[in-house]
Amino acid sequence: MTEVERLADQLVALAGMDIDISDLGNGPRPGGLRRMDAAGGWFYFLVAPRDPLIIVVRIVPPFDAL
């Protein structure tokens, strides 16, 4: 969980510097649901285009932790 929090904080910091983060991570196109690797697992997030908001919608831990 701390790795996801660290990465989410970095996304917020980038957005605060007016960097477009809607195409970071993996996804079919810029915007929409994005996936980012985190400590052997991954998490899914959305970027609100008009608000300073990043929404983490799902966290998947590494398979060996399940």
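In this predicted model, Ala 39 counts as exposed because its relative accessibility is 58%, and the cut-off for that label is over 50%. Ala 39 sits in the loop between S1 and S2. Its backbone has a positive phi of about 55°, although the residue is not a glycine. The loop in question is the turn of a hairpin, in which two residues separate S1 from S2.

A second residue invites a look alongside Ala 39. Asp 18 also has a positive phi, here about 60°, and again it is not a glycine. Asp 18 belongs to the loop that runs between H1 and S1. With a relative accessibility of 73%, Asp 18 counts as exposed, since that value is over 50%.

From the turn at Ala 39, the strands themselves can be followed. S1 and S2 run antiparallel to each other and are paired over five bridges. Within this pairing, Arg 35 has Tyr 44 of S2 as its bridge partner, while Arg 34 stands opposite Phe 45 in S2. S2 also pairs with strand S3, which spans residues 53-60, and this antiparallel pairing is made over seven bridges. S2 and S3 form a hairpin too, with four residues between them. Across this second pairing, Phe 45 stands opposite Val 56 in S3, and Leu 46 stands opposite Ile 55 in S3. Phe 45 therefore has an opposite residue in S1, namely Arg 34, and another in S3, namely Val 56, where strands count as paired if at least two bridges are found between them.

The two sides of S1 can be told apart. In a regular strand, the side chains alternate between the two faces of the sheet. In S1, Arg 34, Met 36 and Ala 38 make up a covered face, whereas Arg 35 and Asp 37 make up an uncovered one.

Why does Arg 34, a residue of strand S1, count as buried? Its relative accessible area is 4%, and buried means under 20%. Its surroundings can be listed by name. Leaving aside neighbours within four places in sequence, Arg 34 is in contact with a run of residues that includes Ser 22, Asp 23, Leu 24, Gly 25, Asn 26, Gly 27, Pro 28 and Arg 29. Phe 43, Tyr 44 and Phe 45 are also among its contacts. Ser 22 illustrates how the chain comes back on itself here: Arg 34 and Ser 22 are twelve residues apart in sequence, and their C-alpha atoms are 8.0 Å apart in space.

The interior comes next. In soluble globular proteins, nonpolar side chains tend to be buried together. The largest nonpolar core in this model consists of nine residues, namely Val 4, Leu 7, Leu 11, Ile 21, Met 36, Ala 38, Phe 43, Phe 45 and Ile 54. Helix H1 (2-16), strand S1 (34-38) and strand S2 (41-48) are the elements that each supply two or more of these residues. The greatest share comes from H1, with three residues. Leu 11 gives a view of the packing from one side chain: when residues up to four places away in sequence are not counted, Leu 11 touches Ile 21, Leu 24, Met 36, Phe 43, Phe 45 and Ile 54.

Empty space can be described as well as filled space. Rolling a probe the size of a water molecule over the atoms shows where empty space is left. The largest pocket has a volume of about 200 Å³. Its lining is made of 14 residues, and those nearest its centre are Ala 15, Ile 21, Val 47, Asp 51 and Pro 52. H1, S2 and S3 are the elements that give two or more residues to this lining, and H1 gives the most, with three. By type, the lining residues divide into nine nonpolar, two polar and three charged. Ile 21 thus appears twice in this account, as a member of the largest nonpolar core and as one of the residues nearest the centre of the largest pocket.

The last stop is the segment after S3, where Asp 64 lies. Asp 64 counts as exposed because its relative accessibility is 72%. Asp 64 and Ile 54 are ten residues apart in sequence, and their C-alpha atoms are 28 Å apart in space. Ile 54, for its part, belongs to the largest nonpolar core.

Conventions. Residues are numbered from 1 along each chain as its sequence is written. This is a predicted model: local features need pLDDT of at least 70, side-chain atom pairs count only at pLDDT 80 or more; totals for chains, interfaces and linings use all residues. Side-chain values use heavy atoms; hydrogens and water are left out. A nonpolar core is a set of buried Ala, Val, Leu, Ile, Met, Phe, Trp, Tyr and Cys residues joined through side-chain atoms within 4.5 Å. Buried means under 20% relative accessible area, exposed over 50%, partly exposed in between (1.4 Å probe, protein chains only). Contact means heavy atoms within 4.5 Å. On a 1 Å grid over the protein atoms alone, a cavity is a set of points where a 1.4 Å probe fits but cannot get out, and a pocket is an open set with protein on both sides within 12 Å along at least five of seven lines; lining residues have an atom within 4 Å of a point. Grid points are joined across faces, edges and corners, and a volume is the space filled by probe spheres set on the points. Ala, Val, Leu, Ile, Met, Phe, Trp, Tyr, Cys and Pro count as nonpolar, Asp, Glu, Lys and Arg as charged, and the others, Gly among them, as polar.
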